[in-house]
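Student: Got a minute to go through this model with me? I'd like to start with how the helices pack.

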There are 2 protein chains.
Amino acid sequence: MARATDYVLAQGLAGLSLRPLAAALGTSPRMLLYDFGSKQELVAAVLAEARRRGAARLAEGLPREAGSPEEHLRGIWAWFSSPERAPYVRLIFEVHADGLAHPENYPDQAEAVTGWFDTLGGLLRGVTTGPGDTVTPTLAMAVVRGLLFDLTTTGDRRRTDLALERFCELLRT
Amino acid sequence: MARATDYVLAQGLAGLSLRPLAAALGTSPRMLLYDFGSKQELVAAVLAEARRRGAARLAEGLPREAGSPEEHLRGIWAWFSSPERAPYVRLIFEVHADGLAHPENYPDQAEAVTGWFDTLGGLLRGVTTGPGDTVTPTLAMAVVRGLLFDLTTTGDRRRTDLALERFCELLRT
DNA sequence: CGATTGTTGAAACAGTCGTACCATATACTC
DNA sequence: GAGTATATGGTACGACTGTTTCAACAATCG
């Protein structure tokens, strides 16, 4: 299953098919269904694993000690926009797009978006309006996601980096 | 072709198939290929038409007279986040996600992202650093796209509206 | 040893996909 | 009116999809 997650991260969710996946894993579609029950359950399991990995890597990838909100934001952006995170970012956008058409397949999708607020709220202490402020984290994640949309489309790293810097600058005041 | 665009906007790009499309249009897959050459060319034509429509509707939907940058930004957000624009927004995200896997199919995708800078730069005059400033429009569109990502996933209009308001507030200073 | 259970392989099923082929019908030109 | 281009319907092809069925193998247990 770990290797199935590798495969999906590498090849994408959109055109995922059991036979190529099985071939890449050295097994058969028969066994995939035997193990996971159905393709949908396999996808759900893979997504859960990918999310677990993402959270773990993020936790270990961010600067641990206290810092200014801007530094934290820069760290988050650097993490997400890193080329080695590209497969993960692609998966996020693929799931989102598919979820627009079939929301019922991704029941915990909303939580995957709002789940950042607790941790982000802490990191942004100082620019939030209070401990229960969800609006500032919403804006910060929107900037990151929007810039990721831009970066993954245009590949223009300089401009997107500068845009995040501009946001930090606005935040500082 | 106009009705094909209607259909794609209503049903989404992801699972688009010639036979259902032809049935909905009262014609046959045979004729779709006869008219468009191939499915890819059909999709390209439909996307071009959708973009044309989007640009036209946006031009007529925004307040025409001069206003503060925040008012313009609010107008853009109101336009994009309007429920009647949901099909168009979904199409944007679907194309983006598919473009991550098959960039070669969407040669003018980057221009669709950066094309906003000329018009947006004008509307944001006052908060830009100069006439050739692409960073501020980049950030503004990132906020809009990121909030659209959030809104289309969580459906939380209040929080996303407030987040845009917060961005305007930051921009004002 | 026999029997049952869990695991695997190969093939087939029913369906969909984009597309190509062949025929026909209509319309227009000479 | 004959001939030719344009448009359309029907059908079949080959490839692919997720899933099921049947058969065989291995191992465990009484």
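Tutor: Sure, and one term before we start: a helix axis here is a line fitted to C-alpha atoms over the stretch in contact, and angles run from 0 to 180 degrees between N-to-C directions. Also keep in mind that this is a predicted model.

Student: OK. At what angle do helix 5 and helix 9 of chain A pack?

Tutor: The angle is about 30 degrees, and the axes of the two helices are 11 Å apart. Helix 5 of chain A makes a right-handed crossing with helix 9 of chain A.

Student: Which residues make that contact?

Tutor: Helix 5 of chain A brings A:L73, A:I76, A:W77, A:F80 and A:S81, and helix 9 of chain A brings A:A140, A:V144, A:L148 and A:L151. By class, the contact of helix 5 with helix 9 in chain A has eight nonpolar residues, one polar and no charged.

Student: Zooming out, how many helices and strands does chain A have?

Tutor: Ten helices and zero strands. The C-alpha trace of chain A spans about 60 × 35 × 35 Å along its principal axes.

Student: And what share of chain A is buried?

Tutor: Of its 173 residues, 31% are buried. As for contacts in chain A with a separation of 6 or more, 50% of them come from residues 24 or more positions apart.

Student: Switching to the two protein chains. How many residues does each put into the contact?

Tutor: Chain A gives 41 residues and chain B gives 41 residues. On the chain A side, the elements with two or more residues in it are helix 6 (86–101), helix 7 (109–114), helix 9 (135–154) and helix 10 (157–172).

Student: Which of those gives the largest share?

Tutor: Helix 9 of chain A, with 16 residues of the side that touches chain B. By class, the chain A side has 20 nonpolar residues, 14 polar and seven charged.

Student: How are the two copies related?

Tutor: Turn chain A by 180 degrees, with a shift of 0.0 Å along the axis, and it lies on chain B with an RMSD of 0.0 Å. The two copies are therefore related as by a two-fold rotation axis. In chain A, the C-alpha nearest that axis belongs to A:G146, which is 2.1 Å from it.

Student: Through which surface do the copies meet?

Tutor: Through the same surface, because 100% of the interface residues of chain A are also interface residues in chain B.

Student: Got one residue I could look at there?

Tutor: Try A:R159, which lies in helix 10 of chain A. Leaving aside neighbours within four places in sequence, A:R159 is in contact with B:T134, B:V135 and B:T138.

Student: Is A:R159 buried or exposed?

Tutor: A:R159 counts as partly exposed, because it has 19 C-beta neighbours inside 10 Å, and buried takes 20 or more.

Student: On to the DNA. Which residues come nearest to strand C?

Tutor: B:S17, B:L18, B:P29, B:S38 and B:K39, out of 14 residues around DNA strand C. Helix 3 (29–36) of chain A, helix 2 (18–25) of chain B and helix 3 (29–36) of chain B each supply at least two residues of the surface near strand C. That surface divides into six nonpolar, four polar and four charged residues.

Student: And which come nearest to strand D?

Tutor: There are 14 residues around DNA strand D, and A:S17, A:L18, A:P29, A:S38 and A:K39 come nearest. Here helix 2 (18–25) and helix 3 of chain A, along with helix 3 of chain B, each supply at least two residues of the surface. The surface near strand D has six nonpolar, four polar and four charged residues.

Student: What does A:L32 touch?

Tutor: Not counting residues up to four places away in sequence, A:L32 touches A:L18, A:L21, A:A22, A:T27 and A:L42. A:L32 sits in helix 3 of chain A and counts as buried, because it has 20 C-beta neighbours inside 10 Å. From A:L32 to A:L42 it is ten residues in sequence and 7.8 Å in space, C-alpha to C-alpha.

Student: Last one: where is B:G67?

Tutor: In chain B, B:G67 is in the loop between helix 4 (39–61) and helix 5 (69–81). B:G67 has 14 C-beta neighbours inside 10 Å, so it counts as partly exposed.

Methods: Residues are numbered from 1 along each chain as its sequence is written. Chains are lettered from A and ligands numbered from 1 in the order in which they are written. This is a predicted model: local features need pLDDT of at least 70, side-chain atom pairs count only at pLDDT 80 or more; totals for chains, interfaces and linings use all residues. Two residues are in contact if their C-beta atoms, placed from the backbone, lie within 7 Å. Helices (H or I, at least four residues) and strands (E, at least two) are DSSP runs, numbered from the N terminus. Ala, Val, Leu, Ile, Met, Phe, Trp, Tyr, Cys and Pro count as nonpolar, Asp, Glu, Lys and Arg as charged, and the others, Gly among them, as polar. A residue is near a molecule or strand if its C-beta atom, placed from the backbone, lies within 6 Å of it. Copies are superposed by least squares on the C-alpha atoms of residues with pLDDT of at least 70 in both. A residue is buried if 20 or more other C-beta atoms lie within 10 Å of its own, exposed if 12 or fewer, and partly exposed in between; C-beta atoms are placed from the backbone. A crossing is left-handed if the near helix is turned anticlockwise from the far one by less than a right angle, and right-handed if clockwise.
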